[in-house]
Amino acid sequence: MLSLSKKAVWVMTSLQAVLTVFFNSYIFLMSLLNHRQQKKWSPSETIIVALSLADMVHQIICYFWMTMDQVDVNCRLAQMAYAVMLVLVFSSKFTIMWDTGFLTFYYSTKLVNAPNRCYTHVQGAILKHVTLAVILIPLCGLGTCVPMLVVFHSQNYTGKNRDCGVLFPDTASGRGYEVLYLLLSDVLPGLLMMKCCISISVHLAVHLRNMKASTNGAHAPKLGSQMRVIQMALCLVAIFIIFLVVDLYVNYEIVVNHENAIVLTFFFTSVYTTVAATVLIYGKKTLWKALIREVNVFLDGYPCLSRLKVPEQKTKPSSPAKVKT
């Protein structure tokens, strides 16, 4: 990777960092406001708050590392400091992936009735301890990533195509651990999300067929608030799968072809967290309406930007039962 392209990735990541922090801060602050009014959080709100915090922590540490890599061209800072920052970045990425998978799992349990009684009991036991789960996930991520300091080699490079204190899996044990880390942080939550996606899709198809049959095809079936939740969950899965393919390819280049493309993993993760946060805001109807209202109020102060205003839709009553999001 040329020095010029690294700077370009750094600039693009800075733009994504602003968007990521803005959207996730908005989610976090609005959730705190809702907690102050309602005096409690639903399980989905607890998971979303944990996910937004993980997104912001990852973005801040990630961008700080990239900035230091641009500023400290001679690698004067201790390489252990860079290595620790990378461990925190990978740990927060682990948390993001599993929080997203946990959120999709939660929505699948609310939308789909599992016929297996044993599976239902397992679901209930997990969902009763949502707060404990969102605390254990980052701890597991940190415990999974700390061994990188031992099995990976941290080296200072000052050439054009190198970064300071990058952790490279240049041994057999290091490569094996890299594969294990990718399985735990990317593949397993991806499989969980795909399973939930299939369950939600089957539920949607069956529900639409039953509704159409009940009306004898007189009019198109409507799902009301359920459709918004389904769209959000399926979009999260689709975005994750795209990110998973890209992330696995970049890590393949790092491990097999020894390409120093770590800044690309940071950039693609930043894009993922930005898009996922936008989808989460859309899925929470109250957040989406409040954001549109704030944007329109801001644009009102600039007549030249009035054409960019987003039309606000009025709430229509719907008969299907609502899903707590």
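Begin with the secondary structure: the chain of this predicted model contains ten helices and two strands. Colour the chain by element and follow it from the N terminus; the order reads α-α-α-α-α-α-β-β-α-α-α-α.

Next, display the whole chain as a surface. The accessible surface amounts to about 17,100 Å², and carbon and sulfur atoms account for 68% of that area. Of the 325 residues in the chain, 44% are buried. A contact map gives a further view of the fold: among contacts with a separation of 6 or more, 77% join residues 24 or more positions apart.

Now select the largest nonpolar core, which has 45 residues. Phe102, Leu236, Tyr272 and Leu280 are the residues with the most contacts inside this core. The elements that give two or more residues to the core are helix H1 (3-38), helix H2 (43-71), H3, helix H5 (130-145), helix H7 (172-214), helix H8 (225-255), helix H9 (262-283) and helix H10 (285-300). Highlight H8 in particular, since H8 makes the greatest contribution to this core, with ten residues.

Centre the view on Tyr272 and show its surroundings. Leaving aside neighbours within four places in sequence, Tyr272 is in contact with Ile96, Met97 and Thr100, and also with Ile239, Phe240 and Phe243. Apart from the core just visited lies another core, of 24 residues; its members include Ile61, Cys145, Phe152 and Phe267.

Move on to helix H3 (residues 79-111) and select Ser92, which lies within this helix. Is Ser92 buried or exposed? Its relative accessible area is 7%, which is under the 20% limit, so Ser92 counts as buried. Draw a distance from the side chain of Ser92 to the backbone: a polar atom of that side chain lies 2.8 Å from the backbone oxygen of Val89. Beyond neighbours within four places in sequence, Ser92 is in contact with Ala54 and His58.

Finally, select the cysteines Cys62 and Cys145. Cys62 has a relative accessible area of 0% and is therefore buried. Cys145 is likewise at 0% relative accessibility and therefore counts as buried; Cys145 also belongs to the core of 24 residues. How many disulfides does the structure hold? The number is zero, so a display of sulfur pairs within 2.5 Å has nothing to show for cysteines.

Definitions and conventions. Residues are numbered from 1 along each chain as its sequence is written. This is a predicted model: local features need pLDDT of at least 70, side-chain atom pairs count only at pLDDT 80 or more; totals for chains, interfaces and linings use all residues. Side-chain values use heavy atoms; hydrogens and water are left out. Buried means under 20% relative accessible area, exposed over 50%, partly exposed in between (1.4 Å probe, protein chains only). Helices (H or I, at least four residues) and strands (E, at least two) are DSSP runs, numbered from the N terminus. Contact means heavy atoms within 4.5 Å. Accessible areas come from the Shrake-Rupley method with a 1.4 Å probe; for residues, only the protein chains shown count as cover. A polar contact is a pair of N or O atoms within 3.5 Å; within protein, one must be able to donate a hydrogen and the other to accept it, and residues adjacent in sequence count only if both atoms are side-chain atoms. A nonpolar core is a set of buried Ala, Val, Leu, Ile, Met, Phe, Trp, Tyr and Cys residues joined through side-chain atoms within 4.5 Å.
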